[in-house]
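Me: I would like to go through this structure slowly and ask how each description is justified. Could you set the values against the definitions for me?

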Amino acid sequence: MNLNNKNILITGASRGIGFGVVEKLLKEHNCNIATVSRKIDSLDELFSNARKGDRKFKAYSCDVTEKQSVAETYKNITSDFGEIDIAILNAGVGYLVTPETFNSEFAEKTFAVNFLGVIYFIEQLLPSMIERKSGIIAGVSSLADARGFSGSGFYCASKAALSTYLEGLRIELFSYGIKVITIKPGFVKTDMTDQNNFDMPFLMDIHKSADYIINGIKKEKREIAYPFATAFGSKLIRKLPDTFYEFLAKRFKLG
Ligand SMILES: NC(=O)c1ccc[n+]([C@@H]2O[C@H](COP(=O)([O-])OP(=O)(O)OC[C@H]3O[C@@H](n4cnc5c(N)ncnc54)[C@H](OP(=O)(O)O)[C@@H]3O)[C@@H](O)[C@H]2O)c1
């Protein structure tokens with residue numbers, strides 16, 4: 001797919017993976033870009049330095065956990081841009097939670113952003129995409145959806161919920177010509193991973209990550225799981241018998 005002249009919406013673009021995607025889109029594609037995040041200063045700065053030509057870009061401030069705010073923001077976006085062709089629903093949070101720091105508020109916050117924050121946007125996107133019988137919805141899940149990893153249980157569960165939901169949605173939307181893409185990054189160096197106190201194999205920067213995401217969307221892939229080694233490892237770990245997975249977790253002191 002050629003991204004030129006497409007209206008692209010991306011959430012969670014103020015920093016990290018989403019910011020990397022916006023930077024690359026601005027550099028290499030003549031598409032229109034609407035971004036959504038709570039803070040927008042970094043994007044205002046990026047946009048003010050970008051070559052405009054005849055394309056549009058605008059950053060909208062919105063908390064994706066507030067359903068009403070999502071509906072109002074979406075209305076503003078479509079009034080400024082017209083209908084959205086590609087939505088990259090990327091906003092996400094992750095907290096390291098141990099049995100000692102256990103607090104259900106972490107679960108509420110994680111599911112509010114990582115799962116419901118995506119669902120609220122899909123609710124806005126679907127009616128027009130169904131009517132037009134076209135569109136791409138790309139949800140950013142994670143390779144961490146494969147198993148319950150120690151310290152990241154709420155995060156893994158939220159991403160497993162998202163991946164499973166997108167899998168079903170993909171099938172439901174076959175007959176409408178709408179593509180659903182599940183994006184599963186491995187470790188990418190961002191504010192989110194800076195809090196991790198464990199080894200992160202094949203850690204990459206946001207530019208490399210953006211290459212994977214944009215190339216995958218152009219190819220309209222069903223799943224964009226990267227890098228290969230981590231994606232392969234996560235598929236393998238998912239298939240391990242539970243007892244063996246627990247043995248490895250104990251052996252490598254992951255608990
Ligand atoms: N980094 C990794 O290794 C990795 C691996 C697999 C998957 N992922 C996924 O990739 C996505 C991006 O992660 P990242 O590493 O780039 O994280 P990040 O650097 O912490 O950025 C998170 C983005 O989400 C936005 N966001 C968070 N809460 C929000 C809310 N309530 N409303 C609106 N926007 C909100 C943030 O913007 P504001 O704070 O301005 O609102 C920010 O732009 C997440 O879904 C994450 O789970 C990351």
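**Helices, ligand and unusual residues**

Reply: The axes of α1 and helix α7 (residues 206-218) come within 8 Å and cross at roughly 70°. This is a predicted model, in which local features need pLDDT of at least 70 and side-chain atom pairs count only at pLDDT 80 or more, while totals for chains, interfaces and linings use all residues. Residues are numbered from 1 along each chain as its sequence is written, and side-chain values use heavy atoms, with hydrogens and water left out.

Me: Why is α1 called roughly perpendicular to α7?

Reply: Angles of 65 to 115 degrees count as roughly perpendicular, those under 35 as roughly parallel, those over 145 as roughly antiparallel and the rest as oblique. The axes of α1 and α7 cross at roughly 70°, and therefore α1 is roughly perpendicular to α7. Axes here are lines fitted to C-alpha atoms, for helices over the stretch in contact, and angles run from 0 to 180 degrees between N-to-C directions.

Me: What makes α4 roughly parallel to α5?

Reply: Helix α4 (residues 104-132) packs against α5 at an angle of about 20°, with the axes 8 Å apart. That angle makes α4 roughly parallel to α5. Both are helices in the sense of DSSP runs (H or I, at least four residues; strands are E, at least two), numbered from the N terminus.

Me: What makes the contact between serine 14 and the ligand a polar one?

Reply: A polar contact is a pair of N or O atoms within 3.5 Å; within protein, one must be able to donate a hydrogen and the other to accept it, and residues adjacent in sequence count only if both atoms are side-chain atoms. A polar side-chain atom of serine 14 lies 2.8 Å from an oxygen atom of the ligand, so the pair falls within the 3.5 Å limit. A polar backbone atom of valine 64 is 2.9 Å from a nitrogen atom of the ligand, and one of valine 188 is 2.7 Å from an oxygen atom of the ligand.

Me: How do you know that the peptide bond before proline 227 and the phi of phenylalanine 202 deserve a remark?

Reply: Most residues other than glycine have a negative phi, and most peptide bonds are trans. Tyrosine 226 and proline 227 are joined by a cis peptide bond, with omega about -10°, and proline 227 sits in the loop between β7 (223-226) and α8 (228-239). Phenylalanine 202, which is not a glycine, has a positive phi of about 60° and lies in the loop between α6 and α7.
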